[in-house]
Amino acid sequence: MNIKNRTTFLISCLLSLHAFAQHNISGNFPALAGQQVTLSGFQDFGTYTIDSTKISEQGDFIVSYADEDVGMGYITAEDNNPFIVLLSDKNIKLKGQSLIISEKIEIINGEQNQLFEQYASEHARREQALSAWDYLTKIYKQDSLFAVQKAPQQAILTEKQRIKAEDSLFIASLNEDSYLRYYLPLRKLVGSVSTVAQFRTDEIPAVINSFRNIDYTDPRLQKSGLLADIIDSHFWLLENSGHALDSVFIEMNKSIDALVENLLTDEQQLNTITEYLFKLLEKRSLFTSSEYLALKLLNEKSCIINTDFASQLESYRAMKKGNVASDFQFKNDVIAPNFEVNTLPKKLSDLQSNYTVVVFGASWCPACPQELSKISSLYSKWKAQDVEVVFVSLDEDEKLFKNFASVFPFISMCDYQKWESPIVQSYHVFATPTLYLLNDKQEILLRPNSVSQLDSWVDWYLVQGNK
């Protein structure tokens with residue numbers, strides 16, 4: 001075979017392999033004629049476009065996906081209403097008028113999708129029945145009028161067990177190698193959290209243990225679209241388990257240990273997932289556990305943390321509660337409405353206040369104007385509790401800084417070096433706004449994630465404490 005023929009043969013083989021790896025989703029939706037339809041897939045915490053095409057005048061379309069896309073996906077038209085599809089069947093065929101009401105879409109072909117639709121419908125009805133039986137269980141146990149009736153209690157228990165077994169048998173009957181067999185237990189776990197927390201509290205330990213046993217390195221999880229829900233639900237359940245906050249943090253740290261240990265073999269996923277978790281804990285003001293996560297990752301020698309993420313974590317080690325914050329001079333441009341020029345302190349440690357709030361922000365920061373305006377409105381109340389405020393601006397333009405800060409009643413300063421400012425770096429600031437509450441010894445008392453949280457601290461520890 002000459003070179004030309006071999007090249008032609010090779011290209012032909014590659015095209016054949018590519019065609020073999022393609023799976024089609026076809027649909028007939030007359031009401032969407034002429035619209036663009038898009039097939040999207042999930043990847044970790046985000047989504048990506050797999051294929052897109054224009055729907056014909058008759059309402060027909062075909063989109064394709066490859067083996068590498070196997071997992072959960074969704075189809076959207078121009079109205080942006082998603083229809084969830086299981087990207088596992090080789091050929092899926094759908095029929096309906098539009099994507100707005102998923103219950104009216106008929107799955108003509110695609111066994112895994114048909115089973116998925118069947119389970120979604122049946123599981124919802126089973127959960128409704130279980131909730132009803134749970135309600136009756138409480139009545140027959142707690143109400144003296146019914147508590148003596150042992151036969152109904154046993155009947156309710158038997159029926160609840162039957163419903164749960166029926167649900168489990170459906171999943172067990174699926175092909176062990178199918179994506180649906182992997183996906184449904186995870187979806188069921190996430191979906192159970194709210195009900196378990198409210199009505200089936202005896203199941204909380206088992207549900208938490210199920211979350212801890214999830215393999216976060218499994219590529220199938222990355223394609224599920226459930227990654228964020230799993231982490232959110234796991235830590236929400238821990239937070240709302242009915243235990244004292246100290247116990248909650250102990251359990252959260254156990255879950256962090258299990259997650260990090262599982263991820264040590266996959267550095268990329270370790271960075272992706274722990275960064276998401278760190279931000280989640282910060283957002284929920286669960287600082288004890290976000291600090292625990294930060295220090296655990298920084299002390300872990302067998303993995304490498306991405307530079308930007310490591311900088312965020314380092315701020316916890318350097319600026320954790322109890323540490324002494326760096327002193328700095330009030331120089332360059334300083335705006336201090338409450339001080340005469342000759343009475344303005346020369347440095348932070350010269351302030352004669354029991355508490356000092358150091359705020360890092362800038363005029364270009366989207367959230368800073370609102371947060372600093374809140375501080376301005378609260379300043380007189382804080383000042384009455386001997387709380388001073390110092391705003392350190394990351395602006396680079398003198399005019400912008402002065403226009404922005406001139407309305408604030410507290411001290412504002414700027415050295416126009418943005419992230420390269422020695423003050424910014426010494427406080428390990430990686431985002432704006434960043435707040436620190438210091439005592440008169442410049443020890444860090446609090447790293448509030450919002451002005452509202454800081455104001456709550458002032459109300460609780462100072463205003464109420466002084467009454």
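Biologist: Are Cys-365 and Cys-368 buried or exposed?

Modeller: Let's start there, keeping in mind that this is a predicted model. A residue counts as buried when its relative accessible area is under 20%. Here Cys-365 and Cys-368 are both buried.

Biologist: What joins Cys-365 to Cys-368?

Modeller: A disulfide does, with an S to S distance of 2.4 Å. The structure holds one disulfide. You can also read its handedness: the angle about the S-S bond is 85°, and the link of Cys-365 and Cys-368 is right-handed.

Biologist: Which cysteine sulfur is nearest to that of Cys-414?

Modeller: That of Cys-368, which is 12 Å away, and Cys-414 is in no disulfide. Because its relative accessibility is 0%, Cys-414 counts as buried.

Biologist: Now a charged side chain. Why does Glu-388 count as buried?

Modeller: Burial is again read against the 20% cut-off. Glu-388 counts as buried because its relative accessibility is 2%. You will find Glu-388 in strand 11, which covers residues 387-393.

Biologist: Which side chain makes a polar contact with that of Glu-388?

Modeller: The side chain of Tyr-379, at 2.6 Å. Leaving aside residues up to four places away in sequence, Glu-388 also touches others, including Phe-339, Leu-351, Tyr-355, Val-357, Lys-383 and Phe-410.

Biologist: Let's turn to empty space. How many cavities of 30 Å³ or more does a search of the whole structure find?

Modeller: A cavity is space where a probe fits but cannot get out. The search finds one of 30 Å³ or more, and the largest cavity has a volume of about 40 Å³. Helix 6 (204-212) and helix 9 (245-263) are the elements that give two or more residues to its lining. Helix 9 gives the most, with four residues. Among the lining residues are Phe-211, Tyr-216, His-234 and Asn-262. By class, the lining has five nonpolar, three polar and one charged residues.

Biologist: And what volume does the largest pocket have?

Modeller: A pocket, unlike a cavity, is an open set of points. The largest pocket has a volume of about 570 Å³. Its lining has 20 residues, and Phe-287, Thr-288, Lys-321, Leu-445 and Leu-446 lie nearest the centre.

Biologist: Which helix supplies the largest share of that lining?

Modeller: Helix 11, with five residues. Helix 9, helix 11 (287-299), strand 14 (444-446) and helix 16 (451-463) each supply at least two. Sorted by class, the pocket lining has eleven nonpolar, four polar and five charged residues.

Note on methods
Residues are numbered from 1 along each chain as its sequence is written. This is a predicted model: local features need pLDDT of at least 70, side-chain atom pairs count only at pLDDT 80 or more; totals for chains, interfaces and linings use all residues. Side-chain values use heavy atoms; hydrogens and water are left out. On a 1 Å grid over the protein atoms alone, a cavity is a set of points where a 1.4 Å probe fits but cannot get out, and a pocket is an open set with protein on both sides within 12 Å along at least five of seven lines; lining residues have an atom within 4 Å of a point. Grid points are joined across faces, edges and corners, and a volume is the space filled by probe spheres set on the points. Ala, Val, Leu, Ile, Met, Phe, Trp, Tyr, Cys and Pro count as nonpolar, Asp, Glu, Lys and Arg as charged, and the others, Gly among them, as polar. Buried means under 20% relative accessible area, exposed over 50%, partly exposed in between (1.4 Å probe, protein chains only). A polar contact is a pair of N or O atoms within 3.5 Å; within protein, one must be able to donate a hydrogen and the other to accept it, and residues adjacent in sequence count only if both atoms are side-chain atoms. Contact means heavy atoms within 4.5 Å. A disulfide is a pair of cysteine sulfur atoms within 2.5 Å.
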